[in-house]
Structure formats: structure tokens, C-alpha cells
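Please look over the briefing below, which is concerned with how two protein chains meet. The sequence and the structure come first, and the notes on the interface follow.

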Amino acid sequence: MARNVLVLAEVRNGALRPVSFECIAAGRSMAEGGPVTAVLIGQGGSFAQELIARGADKVITIQGDHLKEYTPDGWLGALHNAALEAKADTVLLGHTGIGRDLAPRFAMRNGAGMVSDAIDVKVEGGNVVFTRPIYAGKAFATQVVKEGMIVATIRPNNLPALEADSSRSGEVADMAAPAADLRTVIKEIVRKAAAGVDLTSAKIVVSGGRGVKSADGFKPLYELAEVLGAGVGASRAAADAGYCDYAMQVGQTGKTVTPDLYIACGISGAIQHLAGMSASKVIVAINKDPEAPIFKVADYGIVGDLFEVVPLLTQEFKALLG
Amino acid sequence: MEILVLLKQTFDTEAKVTVKDGRILDDDVTLVINPYDEYAVEEALKVREAQGGTVTVVSVGGDRVEEALRRALAMGADEAVLVEAQPGADEFVVANLLAAWAKGKAFDLVLAGNVSVDTGAGQTALRFAEAMNLPHVAAALRLEVAGGKATVHRDAEGDTEVLEVPLPALVTAQQGLNEPRYPSVPGIMKAKRKTIARVGAGELGVDVSARTEVTSVFQAEQNRLNKIIKGEPAEQAKELVRLLRGEAKVV
């Protein structure tokens, strides 16, 4: 059954987010011959060609001063209109700050079922079957939307994107912005300089636990992360002890991450923490205690003092990556 | 200030998750208030303590959910309501039931958890806001309520956004918003004497056909290499980098 797919394309720090390309690729597999449309909200058409090269058949742009920054009221109206225009029966968003905030309201407005945080999508006998982690990765579930519109958010960095093909062509259309009564007023946005790489979509995560001993103890971890282009996370013990913000916490009551490489420094490996990171492709553990449970889930372990080992690792990676 | 808290009962986060015959076993598991919802209850109590009013907690589910509601009462909530639902209710159905129950009642502020630690879907509270036509702010790290407005600091992928919304509004709690209190002994005694109101899903007259279905539940095998790298720290670092590049191919 051919489907009309709509993908919300997101721009962050002046570039399209890779998860938007991953959504387009997932959309192509679900469309079964139907069109895949990408919508850019609050952005001009300068990104449209890149979306087409990555597999979109059509790009809708919706611009307006009130859409430049994300607000639920402004963007929900815009996404809703784009879905009507594209006659979408399948709507995909990244499981990002914006996607998580917008998709449930969009689904409710359409009386639609939604699958959150999908890590895999397959079409089986005409049905779209999503796989998603539950209990923060202690288990997984497959889930389908039984009837009506399909809405889903796709976890960044889990599904493949299509290679850019600049020979592809597609239509770009500008739509008028819907009138919106924005109830939310943005007073201020405080950007965290230190947390430059978003944890949930980072390819590499360097995390610290109780073993970092203080807020300053995170310094060598940040230095390693900088060389690797990695995000910096933490265990609940480190956050509870006040060594870092809760925003950095990885675990069942924090963020769930699935990077290619997870480097756990001074983290014992409580079940709460393992839930949030055990789906990482490769896990490295650095801990003084050879009995720490983290070593049981690690691919590579170093029994040693993180304050000695981590700076040496930073040096080695610097030499390797130049 | 009339405050409503949407509450879900979940597994204790330290509980072991066991899958048998395609479902999660919950018979011997300690169930608790979803930790994020507990922040919502605490915040509701703080707002009430500062401004007066009542705190009502509402949940959807079966008999066991009464324990969680009773705990919220013991923390200090004034009233508790259980909307009875059949197993298999998805986020669409739960939000529809909550909204049908809440319609016509005048709440100034609705609080809920940002996400539940079991399904992790993060849909129900925002769906409820949409069904009730309320503005929302998700993942609050700080909340101030004054002059018919809520000022909220929210976590947006590591950045902090400061937003202002007119009341009534829905705000979801992120970890770090507060430190939930433990119920006091008098609080527990008082909660025991309270009645938890029950509402049958049928009485609410809304669409309760689930839009989604979980078709299987499984656990992934953890096949890890468990290689311990020996030697002096400098050798260990060199060897680890070599393995990550040559063997694991992740850098």
C-alpha cells in the first residue's frame, strides 16, 4: 500500500540535523512507492535541495517571523497544514527536543496513534512495524499503528540515511504560515557552551560517575570529549552528588543513549545506569574497582585510575586524529 | 489555585525486568509513582503551600494503581481519582479518558511527569494538553506561578529555555525540578482514611479504541567482548586506542 509520508526537517546550529535524513530514508521504505515530502518550518528554501538529494520528493517551506523559534502553537499549526497539503497518512519526526514536544499534540489533533522513539522500522506484509526500547532499554517492544494515520518519532543515530545524490530533483513549494495565537512567550534561551554535542544523538559519549569525585573531576572527560567530538554524560551518582547537571544524566531516570562508542569513567554500573546505555554499540569501562558491574557489560575494560588513564587516552587520540 | 496532577504507576527503577511469554512480568515487582510524576506531585504541593488551593491527583488503570494514588495522598495531595481502564489502553485512550474526566472542571495548573520510566513514550500529558486546548511547557527545571502566568525554565537538549505561559497550562516535570518529600507518619495515617474516587471508563463516553498495539516484547542478548586491557597506564591507553580503531572500528 503506497503511503504519503511527511517528514519534519529540523535545522540546528545552521545545518540540517542528520536525524531528518534518517527520517526521510525510513519514510522512503514505508512509502512503498508513495511520495515523501519534507517540511521546513521557519526556514527559507536554502536547505530544500539537500533534503531532495537525501531522498525527499517534495519540500514544503513555511516561513514567518513567529516560526523562527520553536513554539508548540506556531509549529503545530504549520505541521498540521503541511500534513493536509501533502495528504499525509504517515508523519515522521526525529525524537529530538522539538519532535518529542510536537508529535504527541499533532497525533492527538488528528486522533492518531503514535510510536515514540523508534529505533527500527520494517514493512512486513504491508504493515509498518516499529521497534522501540521500553524500560529504558531493559527490554524492547514491537509496535504497530492499527488504523488511521501513523505518527512516529525516530531516535537519532539508529537508522541509516541515504547517501546524498545531487542528481535527484524535486518540487519546492512555499506555503503561507497559518495565523497563530502563540500562547508561549520565549523570554530567554541560555545555550550551554560546555554541552556542545547533544547527548542523545552523539556518536561517542564520554560519561563520568562517582569516581570523578567533583565538578572539576569532569575536566579530563571534557578534554577527551573535545578530541573525539563526543557528548559528555554522567551517572545518577555523579548528578546526585552535584558534580554535574541532571541534564547530563544517562540512565532510566535520565537520558537513554545509543552511541557507537560509550566510554564509562569511574562508573560502577548500577542497573539504573545500564538501562540508559547498554544498547551502545561498543562500551569501554575505566574503573579502579575490578569487581565493578560495569565491566560485565563492557567490550573493553581498563582497571585503573581515570585521572591517570583518561588524559593518556586524550593524548593517544590526539595523535591518531590529528 | 486548583492544581491537577496526572500520575502513572510504574516499576521501581531498581527492579529487574523479566520478559516471559511475550510480556513483562510485574507480579512480584514493587510498583511506585513514576519518578517524574513524583516531581510533579511535589511541585503541586509546593505551589499549593505558597498560594493555597487544592491538589488533585488522577490516574488511569486497575486496582493496583490505588497504592500510587494513596502515596500521593500521603505526600499531601487533597484528592485522588482513579479512572478505571482495560489493559491495552494506549496513550491515545488514556489521554482521551483523562480529558473526558477533566472537562468542565476548572484547573488552573496541570502538572505531570515529562516521561514515564516504563514505556518512555512521553505522549500522554501532551496529548491531554491538546485535548483540553491548554498550552504546555515540557521538561521543566524550575517553575514560578504568579499573576495568572507560569514562568518555566525548561531543558531543551541541554540548553535552558525560559518560557512564559498564561494559566491554565500544563507543565511537565524534568529531573532536577525538586526533591520529592517522603510522606510523614500523620500524612500516611490521614491518607488511609481518604476515599479514592473511582470513575468507570464507560461513564465518560469517549473513544477508547486503542490506535496502537504492542505486537511483541523481547530482551536483547548482551554479547560483550569483556576484554580487560592489562599493563601500565600508558600501554593500556595505547592498546585501547588501537583496538577501538582496528578491531571495533568506532573511531
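How many salt bridges are counted between chain A and chain B? The count is ten, and it belongs to a predicted model that scores ipTM 0.93 and pTM 0.90. For chain B, the mean pLDDT is 95, with 100% of the residues reaching 70 or more.

**Extent of the interface**
- On the side of chain A, 85 residues are in contact with chain B, where 78 residues take part.
- The area buried between chain A and chain B is about 7200 Å², and carbon and sulfur atoms give 54% of that area.

**Charged and polar pairs**
- A salt bridge links A:Arg17 with B:Glu157, and the closest N and O atoms of this pair lie 3.0 Å apart.
- Polar contact across the interface of chain A and chain B is found for 47 residue pairs, with both residues at pLDDT 80 or more.

**The side of chain A that touches chain B**
- Helix H4 of chain A, spanning residues 97-109, gives the most to this side, contributing nine residues.
- By residue class, the side of chain A that touches chain B divides into 44 nonpolar, 17 polar and 24 charged residues.

**Strand pairing between the chains**
- Strand E10 of chain A (residues 139-145) and strand E14 of chain B (residues 212-218) run antiparallel and are joined by six bridges.
- Opposite A:Thr142 stands B:Ser216, a residue in strand E14 of chain B.

Key: Residues numbered from 1 in each chain as written. Chains lettered and ligands numbered in written order. Predicted model: local features only at pLDDT ≥ 70, side-chain atom pairs only at ≥ 80, totals over all residues. Heavy atoms only, no water. Contact = heavy atoms within 4.5 Å. Buried area = accessible area lost by both parts, 1.4 Å probe. Salt bridge = Lys/Arg side-chain N within 4 Å of Asp/Glu carboxyl O. Polar contact = N/O pair within 3.5 Å; in protein donor to acceptor, adjacent residues only side chain to side chain. Helix = DSSP H or I, 4+ residues; strand = E, 2+ residues; numbered from the N terminus. Nonpolar A, V, L, I, M, F, W, Y, C, P; charged D, E, K, R; others polar. Pairing = 2+ DSSP bridges. pLDDT = per-residue confidence, 0-100.
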